[in-house]
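Welcome! Let us take a friendly look at the aromatic rings in this structure and at how they meet.

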Amino acid sequence: MSAHGNPGCQCKNETDALASLSERSCTLDDGSPGVILQLREDACFSTSYGSSACVMHDMIHDPLCNASVDVMPSYCVQPWCYVDLESCTKDSDEIVYRSSYFGVDSGVDVYFSYSTCNATVDGSDLAQVKKARKGFMGGVDIRANVPTYRFPYIYKRDEGGEGLASIDGPEYYDNSIPWAGAYIDLVNGITELAGEDISSFNYTYKSRASGIANPASSFTAACQDIQSGLADMSVDERLSLSAFTLPIVYDKAYLVIPKPGSSNSLAKQTQKVLQPFTPQLWILVLVVIFVAAILGCWFAGDAEEVSTRIESDGTKPSRLFRAQMYTRIGVDSFLEKDLELEWPDAKFYYNLDDKGFFGMLDDYTAGKCDVLAVGYEDTILSAEFLEKMCENNLVYTSSVVVEVPIAFPIRQDLSSGFSYWVREAKRNGIDLEAAKEKYQPSASCEIQLEDVEMGGDEYAQITVPNMVFVFCALLGIALQVEEKYNVKKGKASVLGRKSSLGKSMRMSTADGKSDFRENDSEEDNPIVSSLEAQDE
């Protein structure tokens, strides 16, 4: 089973469909949008309910699955998801149902499947879970393998107390060396809360054989050991191959962008020149320029033509034609399937090397992408990655590109019981967020866009009232029009006496002195005519 459903019947994102029911909209406790289901009008469900992945959606969202009753409904521990009706009925043998939460007149037709997640609608393969301090898991002993080191989530320390980076050394296969990290702290907290229901929880390594059979992924190799009966559970975060627990967290891939004002490239500076004006103001400026040009040609009719020669080196100016059709978003390749489901029409650049998120930063600095979609859980505890973000003037935004549920692969018969304790632990403040607190590094800069001091809004747009000079230009044009009209009608100019020096004097380009035109007649020279009149 895949986290996204079995082949031919993949999970589907129906968030937009649920959000479209505006008459049934509601707000969740955390302020996010929700929807009131037709058969459960007493509860507000998240619009992401049932979407994108095989998850125990009811355990997460349904109040009945969290009520204080002696018997939990069996459907609470069943993974399922919304699916595409046509592909599932044509390309697979999975059982599909139309959701009765949305009536035929609601305008929303959504379909779901338990079987694509290897579960049943009536929970016949799982006994109803009794709520008792001992009885969920019957005092089970759990053997959990750890697929790899990933500081500070899962790691071992060397003799000097430093976190080990490679599993190739003998320390990885030495069970006497304790494991540490945020995931280990979380699991230890859950098992301590479970008390006698979980008798013991032992960590071990994945088998060498599974590693050889699955060289591309240590996570897949760890899950293979569960299928082979070599381990009961895996302390990693991949929902694949096996059953899994209730999600311990939803990893959000946030849009990471350059810090506003940090780029001095020609393209960015050109955009900043255009951004201060609103589109309406740009139209007004262009109209003024156009009218001024027309009137300039009109008034230039009486002016003396002057020919100007411009020296040229014979080269033609170059032209750059570039059509930026979309912003390229750099992402890690392991998110490819999730992104294709969430954003089928978006354009992504996938990093395919083995450097992970650091490879994405290399792609960004190389100009292969303009912004990044970065998994928050995978990077927020990495001091090195955060410093790289500071060096590149990058910040996390609040825009979520994709959301991926993170859970522990586990044996099918242990899934429901351990999921109950995951939920109870969260109620008691034992969750991944709490476990991460002591591992949180400090960065040398602000890495959240909301925390960045802008020092004023450099992108605040100028509006029409701010452009006083434009109105002055319009007034000048109006006065010029009136002047031209008065002159043609023989009326006195409102601008005063017109200068007569324009046609009678010229600047000598040779010696810088002024003289009269030798070939000007007395009739054409009003200054000479005026002097002769005084002599008479």
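## Aromatic rings and their partners

Trp80 is buried, because its relative accessibility is 4% and buried means under 20%. Keep in mind as you read that this is a predicted model.

How many aromatic pairs does the count come to? The count comes to 24 aromatic pairs. One of them joins Trp80 and Tyr82: the ring centres are 5.3 Å apart and the planes meet at 85°, an edge-to-face arrangement. Tyr82 is buried too, with 1% relative accessibility.

Another pair is formed by Tyr376 and Tyr396, and it counts as edge-to-face because the planes are at 75°, with the centres 5.2 Å apart. Which parts does this pair tie together? Tyr376 belongs to helix α11 (residues 376–379) and Tyr396 to strand β15 (residues 394–406), so the contact links parts that are 20 residues apart in sequence. Tyr376 is partly exposed, whereas Tyr396 is buried.

Here are the relative accessible areas of the four residues in these two pairs:

| Residue | Relative accessible area | Class |
|---|---|---|
| Trp80 | 4% | buried |
| Tyr82 | 1% | buried |
| Tyr376 | 22% | partly exposed |
| Tyr396 | 1% | buried |

Trp80 and Tyr82 also take part in a wider group: together with Phe45, Tyr49, Tyr97, Tyr101, Phe112 and Tyr114 they form one aromatic cluster.

Finally, a ring can also meet a charged residue. Where does Arg208 lie relative to Tyr173? Arg208 is placed over the face of the Tyr173 ring, 3.9 Å from the ring centre.

Note on methods
Residues numbered from 1 in each chain as written. Predicted model: local features only at pLDDT ≥ 70, side-chain atom pairs only at ≥ 80, totals over all residues. Heavy atoms only, no water. Phe/Tyr/Trp six-rings, centres within 6.5 Å; stacked < 30°, edge-to-face > 60°. Buried < 20%, exposed > 50% of the residue type's maximum accessible area, 1.4 Å probe, protein only. Helix = DSSP H or I, 4+ residues; strand = E, 2+ residues; numbered from the N terminus. Lys NZ or Arg CZ within 6 Å of the ring centre and 35° of its normal.
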